[in-house]
Amino acid sequence: MLHPFTIANGGITAGLKFSVFPTSTGIDLVRKGGQRMTHVPLLDPLSSLTENFQQRGGTIWACPPCVTSRGYSHEDLLDGIVIVGASAMHAEIKEGAATLSF
């Protein structure tokens, strides 16, 4: 999750609109306290990257089945995360949005 948020923050700096849609175990990293589970030396901590991303207008969408299967609720996730299915992403793609996948 470090690289997607690093690239997304760079995209926002370049004037692009970015949304991130973590799935599977990526959900563990966007729950409160989950950012402490990973850190790569010489890169910004995940907590800083996600906070910076959200403060600058980035959106984090969380996959509903991935959230539910881990026993999480909206209250377990970082503030501002939207639990929404892939239809939100598909709507953006239909309007011409480009995608990146990690």
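These legends describe close-up views of a predicted model.

**View 1. A nonpolar surface patch formed by Ile7, Leu100 and Phe102.** The three residues make a patch of about 340 Å². Ile7 belongs to helix 1, which spans residues 2-13. Ile7 is partly exposed, at 38% relative accessible area. Patch members need over 30% relative accessible area.

**View 2. The salt bridge between Glu92 and Lys17.** This view shows one of three salt bridges in the model. The two side chains meet at 3.4 Å, N to O. Glu92 sits in helix 4, residues 87-94, and Lys17 in the loop between helix 1 and strand 1 (19-20), so the contact ties together parts that are 75 residues apart in sequence. The two partners fall into separate accessibility classes. Glu92 is partly exposed, with a relative accessible area of 29%. Lys17 is exposed, at 64%.

**View 3. The salt bridge between Asp28 and Arg70.** The N to O distance is 3.5 Å. Distant parts of the chain are linked here, 42 residues apart. Asp28 comes from the loop between strand 1 and helix 2 (46-55). Arg70 comes from the loop between helix 3 (64-69) and strand 3 (82-83). Asp28 has a relative accessibility of 16% and counts as buried, because the cut-off for buried is under 20%. Arg70 is partly exposed, with a relative accessible area of 27%.

**View 4. The salt bridge between Asp79 and Lys32.** Nitrogen and oxygen are 3.7 Å apart. Asp79 lies in the loop between helix 3 and strand 3, and Lys32 in the loop between strand 1 and helix 2, so the pair ties together parts that are 47 residues apart in sequence. Asp79 is exposed, with a relative accessible area of 62%. Lys32 is partly exposed, at 44%.

**View 5. Two salt bridges between a pair of loops.** Here the Asp28 and Arg70 pair is shown with the Asp79 and Lys32 pair. The loop between strand 1 and helix 2 supplies Asp28 and Lys32. The loop between helix 3 and strand 3 supplies Arg70 and Asp79. Each loop therefore gives one acidic and one basic partner. On the first loop, Asp28 is buried, whereas Lys32 is partly exposed. On the second, Arg70 is partly exposed, whereas Asp79 is exposed.

Terms used: Residues numbered from 1 in each chain as written. Predicted model: local features only at pLDDT ≥ 70, side-chain atom pairs only at ≥ 80, totals over all residues. Heavy atoms only, no water. Patch = residues over 30% accessible without salt bridge, like charges linked within 9 Å, V, L, I, M, F, W, Y side chains within 5 Å. Areas by Shrake-Rupley, 256 points an atom, 1.4 Å probe, with all protein chains shown as cover. Salt bridge = Lys/Arg side-chain N within 4 Å of Asp/Glu carboxyl O. Helix = DSSP H or I, 4+ residues; strand = E, 2+ residues; numbered from the N terminus. Buried < 20%, exposed > 50% of the residue type's maximum accessible area, 1.4 Å probe, protein only.
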